[in-house]
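The exercises below concern the interior of one protein model. Please work through each task with the structure in view before reading its solution.

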Amino acid sequence: MKVTQHTVRLVLTEPLRISRSTMAARDAVRLTVTHEGLSGHGEAVTSVFYGLDTPALQRLLTEAAECLARFPGPETALHALRVGELTAPDTPAAVTAAVEAALLDLVGKRTATAVHRFLGSAVAPRVATARTISLTSPGRAAAHARRLAGAGFSVIKIKAGDRDEEADLDRVRAVHAAAPEARLLLDPNGAWTAGQARALLPRFAELGVEAVEQPLAPGDPEALARLAARSPLPVIADEDAVTYEDACRLAGRVQGINVKLAKCGGVHAALRITALIEGSGTDLMLGCLTASTLGIAPAVHIADRARWTDLDGHLLLAHDPWSGIGGGDGFVSASAQPGLGVRPRTAASGPGTAGAGPRAAEDAEQTGPRDTGAWDVAS
């Protein structure tokens, strides 16, 4: 197998402001595994919160490439990854998820099978995704919500955690007035104390908010569970539910767990958590980091398992270098094409089109952006 990497800059259409930071761009490192004329792709993105900068991702994916070179084909490599024999135990989850995605994509192409079929879904998932409104003025939030509702979005996630608590309430009121039919999710990204949360959650419930993500600072899952037991809104753990072990501690004690492939280690790790919480009273939310369509696509292939879907990371970009899962109409869809079903955009297709058919898509894969990574491992 030949393994290459390519790093691109993902620039957001406008900065995304949350309670702890503001982000305008991040790097994405693509991993490409080629075997017998076919290529599979996966993506990992930089994250300050998870301590992954560009050099670290490039180094870690170099190490993963060296491990992949030991295997005769993607099928044996994928099996080794699943049983923990491919990467080191301390490999970050985002790297494992990218390697798994590339292998799934390649195995799917080799067997003419869409990834969701490997994972147990006969029909390609198509689900409504939330669209995020960052910390901004009520007027701007209302205008954004109005545009989203007009485009077809039925779920809107509103960032909270402003220093002025009334500003958060005003933002939600404005969004609800502008998009009265939309389901509203709230995400303070751990900005509140337990006292603030107890005081604020009933007020947000009165405004029609459906659920709240990680209202308390991460690091004390017991406090989050106590809050969830008395909350008038479903409480969804995010930063406090990173690993399978975290999910074990919170299953049945919070109303939801936000599973992100980049924090748990990929689709099979996500499905383990899904099986764990099934029937416990804790529902699945599928979330994501800001990434390209390539980075979001693996989660779309398991999106039919989730009560809440928040897979809009690619929709925040000024230019998405990949296409294939949609989302602009409020719905993300897994492709029935082999593998992940995504393809690089070409100059001919542009950012708003899907390309010129199957043959053009295959040509685009073979002649897309040149790999300029620092390593190239073949076996």
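**Exercise 1.** Determine how many cavities of 30 Å³ or more the structure holds, and describe the lining of the largest cavity.

*Solution.* The structure holds one cavity of 30 Å³ or more, a cavity being a set of points, on a 1 Å grid over the protein atoms alone, where a 1.4 Å probe fits but cannot get out, with lining residues having an atom within 4 Å of a point. The largest cavity has a volume of about 260 Å³, and of the 22 residues that line it, E43, A97, L261, A262 and G295 are the closest to its centre. At least two lining residues are supplied by each of β3 (38-45), α3, α10 (261-264) and α12 (293-300). By residue class, the lining divides into 16 nonpolar, three polar and three charged residues.

This is a predicted model, in which local features need pLDDT of at least 70 and side-chain atom pairs count only at pLDDT 80 or more, whereas totals for chains, interfaces and linings use all residues. Residues are numbered from 1 along each chain as its sequence is written, and side-chain values use heavy atoms, with hydrogens and water left out.

**Exercise 2.** Locate N258 and decide whether N258 is buried or exposed.

*Solution.* Begin with strand β10 (residues 256-260), in which N258 lies. N258 counts as buried because its relative accessibility is 0%, where buried means under 20% relative accessible area, exposed over 50% and partly exposed in between (1.4 Å probe, protein chains only). Finally, leaving aside neighbours within four places in sequence, N258 is in contact (heavy atoms within 4.5 Å) with residues including E213, D238, K263 and M285.

How values were computed
Helices (H or I, at least four residues) and strands (E, at least two) are DSSP runs, numbered from the N terminus. On a 1 Å grid over the protein atoms alone, a cavity is a set of points where a 1.4 Å probe fits but cannot get out, and a pocket is an open set with protein on both sides within 12 Å along at least five of seven lines; lining residues have an atom within 4 Å of a point. Grid points are joined across faces, edges and corners, and a volume is the space filled by probe spheres set on the points. Ala, Val, Leu, Ile, Met, Phe, Trp, Tyr, Cys and Pro count as nonpolar, Asp, Glu, Lys and Arg as charged, and the others, Gly among them, as polar.
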